[in-house]
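Colleague: I have not looked at this one before. Can you walk me through it?
Modeller: Yes, let me put it on screen.

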Amino acid sequence: MCMTAITACTSIECPLNNSVYATFVLKGETDTLADTLTVYAMRRSASDTILYNRGVNTTSFSIPVSYAQEEDLLLIETIDTMTKSVTLDTIAIKKTNDPHFEAVDCNPAIFHTVLGITTTYNAIDSLVINDYIIDNNETKEHFYIYFTPRSH
């Protein structure tokens, strides 16, 4: 009597982290921000969360994008390194949340299409959408952020 065993194996390697990040690049006269920069996620149902903490001489920063909300609210805090004065701005990013499947056996990643962005203009001079698609491509520059130059 002959017995044949058939086994199946999978070579699928699911990613451990399905988060995608939005990248902000500083542009203009102040393409390096000497001030201390902290970015908070403003959440309606919980306390705020620090996404980028106390960066100095910042040229760019990447932050995770929520996968369930239709709009991400960010609080941008800049502290002047000389006078220690604090300036606050808010950024609202309206977006879609689109499941992206790498393989049937893996949890989906959530990609996003930016529908619009608004900001206050305290330390921020302007904000421009450079790439509307936020996915797992880490080389993309999604937003260009222009800070108002220091007056001293």
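**Notes on a first look**

Modeller: T96 is partly exposed, with a relative accessible area of 25%. Bear in mind that the model is predicted.

Colleague: Where does T96 sit along the chain?
Modeller: T96 is in the loop that runs between β6 and β7 (98-100).

Colleague: And which residues is T96 in contact with, leaving aside its neighbours within four places in sequence?
Modeller: Those contacts are F111, H112, T113 and L115. I110 is 14 residues from T96 in sequence, and their C-alpha atoms are 9.4 Å apart.

Colleague: Let's step back. How many helices and strands does the chain have?
Modeller: The count is zero helices and eleven strands. Along the sequence the pattern reads β-β-β-β-β-β-β-β-β-β-β.

Colleague: What does β5 pair with?
Modeller: One partner is strand β2 (residues 36-41), which is antiparallel to β5 and joined to it by six bridges. Another is strand β6 (residues 86-95), also antiparallel, with nine bridges to β5.

Colleague: Which residues are bridge partners there?
Modeller: For β2 with β5, A41 has L74 as its bridge partner. For β5 with β6, T78 has T87.

Colleague: How many residues lie between the strands in the hairpin of β5 and β6?
Modeller: Six residues lie between them, and in that hairpin K84 has a positive phi near 65 degrees.

Colleague: Why remark on a positive phi?
Modeller: Because most residues other than glycine have a negative phi.

Colleague: Where else does a residue other than glycine have a positive phi?
Modeller: R54 has one, near 50 degrees, and N57 has one near 55 degrees. R54 belongs to strand β3, whereas N57 is in the loop between β3 and β4 (60-64).

Colleague: Is R54 buried or exposed?
Modeller: R54 counts as exposed because its relative accessibility is 64%, and the cut-off for exposed is over 50%.

Colleague: New topic, pockets. How much space lies in the largest pocket?
Modeller: The largest pocket holds about 450 Å³ of space. It is lined by 24 residues, and those closest to its centre are P64, V65, S66, Y67 and Q69.

Colleague: Which strands supply at least two residues of that lining?
Modeller: β3 (49-55), β5 (71-79) and β8 (109-119) each do so. So β5 contributes to the lining of the largest pocket as well as pairing with β2 and β6.

Colleague: How does the lining divide into nonpolar, polar and charged?
Modeller: There are 14 nonpolar residues, seven polar and three charged in the lining of the largest pocket.

Colleague: What about the loop between β10 and β11?
Modeller: N137 is in the loop between β10 (133-134) and β11 (143-147). N137 is partly exposed because its relative accessible area is 32%, which falls between the 20% and 50% cut-offs. Y21 is 116 residues away from N137 along the chain, yet their C-alpha atoms are separated by 8.8 Å.

Colleague: What share of contacts with a separation of 6 or more comes from residues 24 or more positions apart?
Modeller: Such residues account for 54% of those contacts in the chain.

Colleague: Last one: what share of the chain is buried, and how much area is exposed?
Modeller: Of the 152 residues in the chain, 36% are buried. The chain exposes about 9600 Å², and carbon and sulfur atoms supply 52% of that area.

Key
Residues numbered from 1 in each chain as written. Predicted model: local features only at pLDDT ≥ 70, side-chain atom pairs only at ≥ 80, totals over all residues. Heavy atoms only, no water. 1 Å grid on protein atoms, 1.4 Å probe; cavity = no way out; pocket = protein on both sides within 12 Å on 5 of 7 lines; lining within 4 Å. Points joined across faces, edges and corners; volume = space filled by probe spheres on them. Helix = DSSP H or I, 4+ residues; strand = E, 2+ residues; numbered from the N terminus. Nonpolar A, V, L, I, M, F, W, Y, C, P; charged D, E, K, R; others polar. Pairing = 2+ DSSP bridges. Buried < 20%, exposed > 50% of the residue type's maximum accessible area, 1.4 Å probe, protein only. Contact = heavy atoms within 4.5 Å. Areas by Shrake-Rupley, 256 points an atom, 1.4 Å probe, with all protein chains shown as cover.
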